[in-house]
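Please load the model below in a viewer and keep the selection panel at hand.

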Amino acid sequence: MAEAVISSITGKVVDLLCGVAKKEISYVCNCSENIEKYKNEADKLSRMKGRVQQQIDLAKSTGEVLLEGVEDWMKKADAEISNAATQLTNGEDQEKCFHLCTLRRCSKTTIKKTFSLQQHQEEGKSFETCVSLPAKAPGFADLYQSKNLDDINTQKLILEEIIQAIEDDTIQIVGINGLGGVGKTTLASEVAKAIKKQFADIVFITVSRTVEAKMIQEKVGVVASRIMNREKVIIILDDVWEELKLEELGIPCGSEYKNCKILLTSRSRDVCAAMNGQKNISVNPLQAEEAWTLFERVVGKSEWDDTLKEVALKIVEECGGLKSIISFTSYKY
């Protein structure tokens with residue numbers, strides 16, 4: 001009985017050792033073949049990389065956005081191809097060597113690296129046909145050109161206060177109120193430019209006295225799904241004349257959608273309050289010195305003769321510190 005057990009175990013050990021020996025011998029015997037396979041896979045990866053590069057060049061020429069992972073795949077492909085070139089050079093030298101251990105090591109390493117090349121090709125198959133997405137059309141905040149508010153502290157301080165309110169997680173609706181022409185729209189635009197990187201999307205809607213509900217609903221509809229998916233979105237409602245029911249306009253709001261911020265501008269503080277503005281900020285006309293600074297900046301002139309300056313100062317004074325009127329008058333001057 002004992003002899004039978006020993007015989008069985010011995011047989012299994014022998015089989016196992018023979019299998020290992022056979023595998024090790026195959027490394028030596030098939031060294032040339034394994035090197036050739038490795039070379040072929042390196043060539044295939046190189047050609048694939050070339051095809052993907054063509055897709056990338058085309059995508060960039062049309063302004064499309066590259067898919068995440070494409071550039072990393074290309075970098076790894078470069079490394080794999082470079083390593084293959086080095087390994088193949090060493091492999092050819094080692095193949096000429098008749099030392100069994102060297103041939104075995106070279107063959108075994110080549111098999112492992114061949115698998116790595118094949119795996120990287122598999123990962124890059126989808127990039128041969130698609131490496132990009134259509135570029136998103138530039139939004140309002142992308143196209144808006146910021147105004148120079150240096151030395152115009154009345155507006156600069158208000159801008160900082162509005163941004164601080166927008167960034168406050170406890171505040172969802174922020175109102176800007178003030179006289180027509182005082183610069184509310186400019187401030188709302190400056191806010192959009194300043195905080196655009198903090199939001200997935202920004203929608204700027206000019207409401208005006210005659211409310212076009214359908215137009216508002218269409219513009220809001222573009223981002224409503226993003227809001228529902230908990231992405232941060234800010235909706236700017238400019239020139240609001242009367243209370244708007246946000247829910248009826250399709251604007252997700254309330255405690256369930258704190259990720260949606262509302263910034264509205266109105267001539268009436270009461271309208272801002274009626275729309276549940278948690279922070280209502282009043283914008284005052286510019287001080288005399290600020291109004292003159294703005295006038296000179298728009299006109300592009302800082303040196304005046306006494307007579308001309310006296311006339312210009314009277315014009316600025318008649319503008320009453322209203323920013324848009326000063327700017328309009330300056331262009332006409």
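The tour goes from a sheet to two pockets and ends at one lysine. Note before starting that this is a predicted model.

**Stop 1: the sheet**

Select β4, β5, β6, β3 and β7, and show them as a cartoon. These 5 strands form an open sheet in the order β4-β5-β6-β3-β7, and their pairing is parallel. Which strands stand at the edges? They are β4 and β7 (residues 279-282); each has a single partner strand, so one side of each is left without a neighbour in the sheet. Look along the sheet next: neighbouring strands are turned by 15° against each other on average, with direction ignored.

Now keep β4 and β5 on display. They pair in the parallel sense over 7 bridges. To find a place where they face one another, select S208 and V240: S208 stands opposite V240, which is in β5.

Add α8 to the view. This helix packs on the sheet and touches β4, β5 and β6. The direction of α8 makes about 160° with that of β4.

**Stop 2: the largest pocket**

Select G183, T186, K323, S324 and S327. Of the 22 residues lining the largest pocket, these are the closest to its centre. The volume of this pocket is about 420 Å³. Colour α7 (184-195), β5 (233-240), β6 (260-266), α10 (288-299) and α12 (323-332) to see the elements that give two or more residues to the lining. Which element gives the most? It is α12, with 4 residues. By type, the lining of the largest pocket divides into 5 nonpolar, 10 polar and 7 charged residues.

**Stop 3: the second largest pocket**

Move to K136, G139, F140, D201 and I202, which lie nearest the centre of the second largest pocket. About 340 Å³ of space lies in it, and 18 residues line it. At least two lining residues come from each of α5 (140-143), β4 (201-208) and α8 (213-228). Strand β4, already seen at the edge of the sheet, gives the most to this lining, with 4 residues. Here the lining residues divide into 11 nonpolar, 1 polar and 6 charged.

**Stop 4: K49**

Finally, select K49 and show its side chain. K49 lies in helix α2, which covers residues 31-61. What does the side chain of K49 make a polar contact with? The partner is the side chain of D78, at 3.2 Å. To see the wider surroundings, add W73, M74, A77 and I81: K49 touches these as well as D78, leaving aside residues up to four places away in sequence.

Note on methods:
Residues numbered from 1 in each chain as written. Predicted model: local features only at pLDDT ≥ 70, side-chain atom pairs only at ≥ 80, totals over all residues. Heavy atoms only, no water. Polar contact = N/O pair within 3.5 Å; in protein donor to acceptor, adjacent residues only side chain to side chain. Contact = heavy atoms within 4.5 Å. 1 Å grid on protein atoms, 1.4 Å probe; cavity = no way out; pocket = protein on both sides within 12 Å on 5 of 7 lines; lining within 4 Å. Points joined across faces, edges and corners; volume = space filled by probe spheres on them. Nonpolar A, V, L, I, M, F, W, Y, C, P; charged D, E, K, R; others polar. Pairing = 2+ DSSP bridges. Axes fitted to C-alpha atoms, helices over the stretch in contact; angles between N-to-C directions.
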